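User: I'm new to this one and would like a close look at a single part: the place where the two chains meet. Could you walk me through that, and then show me what sits behind it on each side?

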Amino acid sequence: MRRLAWRVAELTAIREETPTARTLVLRVPGWPGHLAGQHVDVRLTAEDGYSTQRSYSLAGPSDGEHVELTVQRVPGGEVSPYLTEVMEVGDQVELRGPVGGWFVWEPAAKTPVLLVAGGAGVVPLMAMIRARRTAGSRAPFRLVYSLRDPGQAYYADELRHPDPGLDVTRVYTRTAPDGFARRPGRLTAADLAGSGRPPEYEPDCYVCGPTGFVEKAAELLVSLGHEPGRIRTERFGPTGG
Amino acid sequence: MAIISRGFRGRAREGGGKLPPGQYLTDDFPVLSAGPTPRVDTDRWEFTVETESGQAHRWSWAELLALPYETPTVDIHCVTKWSKLGTTWRGVSLDVLLEDVESAADYALVHSYGGYTTNLPLEDLLDGKAWIAYRYEGEEITPAHGGPARLLVPHLYFWKSAKWVRGIRLLDEDWPGFWETAGYHDYGDPWREQRYQDD
């Protein structure tokens with residue numbers, strides 16, 4: 001295996017997801033391709049030579065030399081305010097990857113999949129949903145997306161009309177839209193048991209979100225009878241862990 | 001020559017030489033793991049060292065706690081880029097645990113409750129460089145952070161400090177662990193920024 005090289009990435013488009021999150025479309029000449037679920041390291045260098053790095057999940061499947069990242073602005077953060085507020089089309093950063101060979105979905109897989117997202121943790125899971133579409137996969141997918149309120153939803157238009165075979169369940173923890181049947185509140189076992197995909201189906205489970213959410217969601221899955229070895233987790237947060 | 005990102009200034013330069021390249025400081029204690037957190041009852045807990053000849057040495061929880069401990073204060077560096085300075089632990093040095101173990105092995109494969117593994121040269125576990133830690137900042141280590149006991153090898157990236165540690169196999173040959181087979185560096189020295197394979 002070759003060393004992962006730093007490559008120059010140029011911002012070619014921006015999509016606003018929420019008032020505090022945006023998707024960056026970057027052109028990375030020489031990009032080797034990646035699997036859904038993998039992440040990249042981004043390196044920013046200031047004029048005085050100071051540089052710093054962060055990891056971000058890729059939001060879409062491999063698409064030639066284009067990659068997409070969705071970045072949530074962290075108040076007081078060093079890097080995310082730059083990526084979400086300062087950076088403009090044409091600006092450059094350095095990027096290397098793809099990184100991570102565990103929290104990935106292989107397009108050839110036919111196993112049912114249960115995706116559990118907490119807030120910004122939906123990003124690598126959306127990459128899996130998009131990779132499924134790109135590959136024409138018929139693997140049954142279910143996304144349980146926990147978010148504070150409807151205004152926090154990423155990829156809202158795209159998830160409003162899910163692909164055939166993709167079931168989307170939203171869980172609002174603070175404020176639900178008018179007429180939404182489920183009362184606002186934290187994720188429960190009932191949300192995960194929901195419409196089908198019981199443990200006997202042995203779905204591959206992917207859980208991503210802030211640490212507390214991931215701990216809780218993984219614990220609920222285990223209590224529902226999912227095999228711990230089929231539950232893959234990724235923590236997501238201001239500190240990058 | 002690095003690419004300058006227009007308009008990026010960065011924060012005040014921090015760490016005072018204690019921060020390896022590409023790392024930033026955090027006061028939190030973030031969590032990184034690959035699956036659900038195993039819950040390990042200390043009544044059933046045991047720690048095993050198995051040599052290359054198949055000889056096994058075992059310690060129960062009570063036996064571990066009865067061994068002489070140290071309270072190292074160390075800096076820890078996660079491959080996901082956060083570093084935390086001056087963390088204090090209590091644990092038993094691997095020098096103590098391996099004292100009566102007869103082995104000519106060069107490598108160690110650490111394994112955990114829940115199935116996690118990580119590998120390192122045996123010498124990186126010796127000479128005061130590694131502990132089986134069971135307290136963090138004066139408290140029991142929570143399950144999310146690897147309790148009841150985790151390996152602590154602070155001079156390597158923190159994924160080598162296996163949570164929920166269950167045992168160590170001593171081997172003649174290097175045997176890559178969980179992240180090491182998933183694209184991460186075999187050794188993982190933060191000061192040489194050995195994050196990924198062949199870095």
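Analyst: Let's start right at the meeting place. Across the interface of chain B and chain A, 16 residue pairs are in polar contact, counting pairs with both residues at pLDDT 80 or more. That pLDDT cut-off is there because this is a predicted model, so read everything below as computed from a prediction. As for what chain B brings to the side that touches chain A, sorting by class gives 17 nonpolar, 10 polar and 11 charged residues.

Charge pairs turn up here too: six salt bridges are counted between chain B and chain A. Want one to look at? Find Arg6(B) and Asp91(A), whose side chains form a salt bridge, 2.7 Å from N to O.

Now for the extent of the interface. On the chain B side 38 residues take part, in contact with 48 residues of chain A. Between them the two chains bury about 3700 Å², and 51% of that is on carbon and sulfur atoms. Within chain B, the residues that lose the most area to chain A are Ile3(B), Arg6(B) and Phe8(B), which together make up 19% of what that side buries. So Arg6(B) shows up twice: it is in that trio, and it is the salt-bridge partner of Asp91(A).

Next, step back into chain A. Here six strands make an open sheet, in the order β4-β3-β6-β1-β2-β5, with antiparallel pairing. The edges belong to β4 (51-57) and β5 (66-72), and each has a single partner strand, so one side of each has no neighbour in the sheet. From one strand to the next the twist averages 40°.

Inside that sheet, keep an eye on β6 of chain A. Strand β6 (residues 92-99) pairs antiparallel with strand β1 (residues 7-18) over four bridges. To spot the pairing by eye, look for Glu10(A), whose bridge partner in β6(A) is Gln92(A). Strand β6 also holds one end of a salt bridge: the side chains of Arg43(A) and Glu94(A) meet at 3.1 Å, N to O. These two come from distant parts of the chain, with Arg43(A) in strand β3 (residues 39-45), Glu94(A) in strand β6, and 51 residues separating them. Over all chains, the structure holds 28 salt bridges. There's one more oddity in this strand: Pro98(A) lies in β6, and the peptide bond leading to it from Gly97(A) is cis, with omega near 0°.

Chain B has an open sheet as well, this one of five strands in the order β3-β2-β11-β6-β7, and its pairing is mixed. Its edge strands are β3 (56-60) and β7 (117-121), each pairing on one side only. The twist here averages 15° from one strand to the next. Further in, strand β6 (residues 107-112) of chain B runs antiparallel to strand β11 (residues 165-171), joined by six bridges. One marker for that pairing is Tyr107(B), which has Leu171(B) as its bridge partner in β11(B).

Chain B also has a cis peptide bond, between Gly147(B) and Pro148(B), with omega about 10°. Pro148(B) sits in the loop between β9 (139-140) and β10 (150-152) of chain B.

One last stop, back in chain A: Tyr155(A) has a phi near 55°, a positive value in a residue other than glycine. You'll find Tyr155(A) in the loop between β8 (141-147) and α3 (156-160) of chain A.

Methods. Residues numbered from 1 in each chain as written. Chains lettered and ligands numbered in written order. Predicted model: local features only at pLDDT ≥ 70, side-chain atom pairs only at ≥ 80, totals over all residues. Heavy atoms only, no water. Contact = heavy atoms within 4.5 Å. Buried area = accessible area lost by both parts, 1.4 Å probe. Salt bridge = Lys/Arg side-chain N within 4 Å of Asp/Glu carboxyl O. Polar contact = N/O pair within 3.5 Å; in protein donor to acceptor, adjacent residues only side chain to side chain. Nonpolar A, V, L, I, M, F, W, Y, C, P; charged D, E, K, R; others polar. Pairing = 2+ DSSP bridges. Axes fitted to C-alpha atoms, helices over the stretch in contact; angles between N-to-C directions.
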